[in-house]
Amino acid sequence: MAVLTEEQSMLRDAAKSWVQEKSPVTAFRKMRDSGVEIGYDVAAWNEMAEMGWAGVIIPEEYGGSNFGYLSLGLVLEELGRTLTASPLIASGLGAASALILGGSESQKGEWLPKIADGSVVAALAVDEGPHHKPEKVEATVSGGKLTGKKVFVLEGMAANVFVVSAKEGGKIELYLVKADDAGVKRTKLSLADSRGAANVEFNGAAADKLTGGAELLEKVLDRARAGIAAEMLGAATQAFEVTLDYLKTRVQFGQVIGSFQALQHRAAKMFTELELARSAVEAALTAIDNDSPDVPELVSLSKAKMGDTFHLISNEMVQMHGGIGMTDAHDAGFYLKRARAAEAAFGNQAYHRDRYAKIQGY
Amino acid sequence: MADFGGTDLEGFRTEVRSWVEANFPASLKGKPNPMAREERHDPTPDQEAWRKAVGEKGWGTPTWPKAYGGGGLSSAEARIVQGEFARAGAYNPIGGMGVMMFGPTLLEYGTEAQKLEHIPPICRGEIAWCQGFSEPGAGSDLASLQTKAEDKGDHFVINGQKIWTSGAQWADWCFCLVRTDTSKKHEGISFVLFTMHQPGVEVRPIPLIAGSSPFCETFFTDAIAHKKDLVGPLNGGWTIAKRLLQHERSGLTGAGGGLGSGGKPLEQLAKEYVGLDEQGRLDDQDLRTRLVTNAMNWRAFQQTAVRAMMEAKGNSGPSSATSIMKNAGTQLIQERHEMALEIMGHQGLGWEGDAFKREELEAVRGWLFGKAFTIFGGSQEVQSNIVSKRILGLPDLTQAN
């Protein structure tokens, strides 16, 4: 855990206690069983917004607290522990970053205060195929109208406004498109991790351009990637702790299974990977706060390392729990499913290893 | 750090910079530390002058107390010294086991007289220390050691054998674990110091798979250790040994960081030997993936070292991240050694001779010697035991430490 300021410690503690009291994994299970279309509990999201979490990175003049990305990462980590479903990453992190970095005064004034108070949910619509390839954009804009298809849009069913990548005159740009535009059609995706997502078709929808082009897109994606890595850190940490606890209580052959060296060393391996991944995640968030030039490589490092780590731990969680870990009644499956969805979001490990090598010149 | 604002630190930097300019011999610029391999060397006058100059300042051991010959600097100032040395292409001539393990341990556990006697020569780089820990029958299970010390009033008489005593053939003094009580295991071990220059000490170097090595067998036949050189209480050596091993492990994990071979980054080697394709990617996709995975893990490892340091300072008490460092670091280094060989292809298999460049021959020896990293200083398996039991709290069926 990074060395925190007093405000950051308070924010983290508030998030920790809210998550434990109001949003344990049973809340996620209830949401899943309810089959709610948007993929999260609105009442819980309203409570989160009331506590100011949707505005952590948003400047104060637009209704936020301007606490920065590491601070938001602390909240996301706590939410990740219990798999709390919310549009915080899509809206309060991804779309908010796009507006902060690329919005005009009037665009910021129109959207940021509503994102900060949770009354508007915004979502990033940047992928067009089964793999994350943000530079491959078929959607186009002409005469202020956007046409194209976006897939796997996180919180796509809940969104009131989309931040969409599209080409205008052959150049990638980001646009704001309102969800209630007659030219927008969305289809709910039912995914293994039970979180909200949609495919979205744009058919001559009115598009309001942000400033910054492909560079802005990368910056926005890097912020979303670092944020989702923070959520994954919380989830992986919780999955590891639950598994470790099971190793200390499950008895077979007359002793707790955690006394077997074969399992001990695998536990030590998970702990090692978790420590390395935590460093990478915290370093990436800190680099964003410092607007450091190595943000792209540090973010790719954090997403890839966290992806590998959550992958390992989610598999081990099921394996070490044995039969009970295979049942739907146990939480292990939730972590396994969330791990793969989070790994794929905004570039999986292979994507970010490739990107890191390119940045290093090989 | 507390007593220096940014401005004062800049003043200190200026001071260090001009001192380095005045004292660092130009002939040594960019040269490695001749002592780094714990090999015997006959220093040139310039090397000797540089060692003495740094030794007098205490800047080779910058954060150790001034009273014992250290630099008495804050860690921020120490980083400045380090940075200015690097800027001038200057190595730190003060090193070895005295600096890495024994000094920090004695500063913690030694008496005032012991510190005054033994620490200053370490700071000046005058005395080489070796570590008498492992024995033929006491490797991973170190506490089963048998080398015996008999109490003879004002001194101990020592009989037995140590092994893997790095640099024993060039060492002046030995810090040694000896058995002073045979009725107990851990509580029968004492930590003593004695000179290697005495008749009862015999040293035989051990050739390893990498060729010659600094490792030795060391035999004690009625060797003498004076009572004043008993560190800590009689039969209280195990606690001190464990502390020393922590210093050893944190030192070992940092070793060989920039490793490819000949100091050249592995990525650079790969570009030279393997080449890039039209898209600017390494022309071996399989290697590229493994290389970048290792490079990213290495970066995360370095980030963890920084985090552990900041947490230890900021959150009071050591960071749990420290416990993973030896295994994580040594495994990554071994992977890099393996990849260096693979990258060089047939040129990475030379044992000696003019057909091979120096960096190629060093890659082969480095690869072989590197196999020791996961064995010495607490094997990989012992480290995993330590993490699972001490950090994760899993049960210990063997009751071994």
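Strands here are DSSP runs of E with at least two residues, numbered from the N terminus. Keep that in mind for the first exercise, and remember throughout that this is a predicted model.

**Exercise 1. A phenylalanine with an odd backbone**

Task: Work out which strand holds A:Phe152, and whether A:Phe152 is buried or exposed.

Solution:
- Start with the element: A:Phe152 sits in strand S3 of chain A, residues 145–154.
- Next, the backbone. Most residues other than glycine have a negative phi. A:Phe152 is not a glycine, yet its phi is positive, about 50°.
- Now count neighbours. The cut-off for buried is 20 or more other C-beta atoms within 10 Å. A:Phe152 has 23 C-beta neighbours inside 10 Å, so it counts as buried.

**Exercise 2. An asparagine to set beside it**

Task: Find where B:Asn235 lies and how many C-beta neighbours it has inside 10 Å.

Solution:
- B:Asn235 also isn't a glycine, and its phi is positive at about 65°.
- As for its place, look in the loop of chain B between strand S8 (230–231) and helix H6 (237–254).
- The neighbour count for B:Asn235 is 15 inside 10 Å, which means it is classed as partly exposed.

**Exercise 3. The surroundings of B:Ala128**

Task: Say which residues B:Ala128 touches, leaving out those up to four places away in sequence.

Solution:
- First locate the residue: B:Ala128 is in the chain B loop that runs between helix H5 (112–123) and strand S1 (129–132).
- B:Ala128 has 21 other C-beta atoms within 10 Å, so this loop residue is buried.
- Its contacts, with that sequence filter on, are B:Gly96, B:Gly167, B:Trp170, B:Ala171 and B:Asp172.
- For a distance check, take B:Cys174: the C-alpha atoms of B:Ala128 and B:Cys174 are 8.6 Å apart, with their positions 46 residues apart in sequence.

**Exercise 4. Chain A as a whole**

Task: Decide why the radius of gyration of chain A agrees with that of a compact globule.

Solution:
- Take stock of the elements: chain A has 11 helices and 10 strands.
- A compact globule of 362 residues would have a radius of gyration near 21 Å, and chain A comes out at 20 Å, so the two agree.
- Along the principal axes, the C-alpha trace of chain A spans about 75 × 50 × 40 Å.
- On burial, 56% of the 362 residues of chain A qualify as buried.
- Finally, look at contacts in chain A between residues at least 6 apart in sequence: 74% of them join residues at least 24 apart.

**Exercise 5. Nonpolar cores**

Task: Identify the residues with the most contacts inside the largest nonpolar core.

Solution:
- The largest core holds 160 residues, and the best-connected inside it are A:Ala122, A:Ala123, A:Val164, A:Val177 and A:Ala284.
- Helix H7 of chain A (residues 213–249) gives this core its largest share, 17 residues.
- Zoom in on A:Val177: among the residues it touches are A:Leu146, A:Phe162, A:Val164, A:Val184 and A:Phe202.
- There is also a second, separate core of 60 residues, with B:Ile119, B:Ala171, B:Ala223 and B:Val231 among its members.

**Exercise 6. Domains and a helix pair in chain A**

Task: Describe the contact between domain 1 and domain 2 of chain A, then how H4(A) and H8(A) cross.

Solution:
- Chain A splits into domain 1 (6–116), domain 2 (122–211) and domain 3 (215–359).
- The centres of domains 1 and 2 are 21 Å apart, and their contact takes 18 residues from domain 1 and 19 from domain 2.
- On the domain 1 side, H5(A) gives the largest share, seven residues.
- That side comprises 10 nonpolar, six polar and two charged residues.
- Turning to the helices, the axes of H4(A) (69–81) and H8(A) (261–289) come within 8 Å and cross at roughly 145°.
- In that pair, A:Tyr69, A:Leu70 and A:Gly73 of H4(A) meet H8(A) residues including A:Val281, A:Glu282 and A:Leu285.

**Exercise 7. Where the chains meet**

Task: Find which helix of chain B supplies the largest share of the side that touches chain A.

Solution:
- The contact joins 36 residues of chain B to 30 residues of chain A.
- H7(B), H8(B), H9(B) and H11(B) each supply at least two residues of the chain B side.
- H8(B) is the answer, with 16 residues.
- By class, the chain B side has 18 nonpolar, 11 polar and seven charged residues.

Definitions and conventions
Residues numbered from 1 in each chain as written. Chains lettered and ligands numbered in written order. Predicted model: local features only at pLDDT ≥ 70, side-chain atom pairs only at ≥ 80, totals over all residues. Helix = DSSP H or I, 4+ residues; strand = E, 2+ residues; numbered from the N terminus. Buried ≥ 20, exposed ≤ 12 C-beta atoms within 10 Å, placed from the backbone. Contact = placed C-beta atoms within 7 Å. Core = buried A, V, L, I, M, F, W, Y, C linked by C-beta atoms within 7 Å. Domains from an automatic or database assignment. Nonpolar A, V, L, I, M, F, W, Y, C, P; charged D, E, K, R; others polar. Axes fitted to C-alpha atoms, helices over the stretch in contact; angles between N-to-C directions. Rg over C-alpha atoms; globule rule 2.2 N^0.38 Å.
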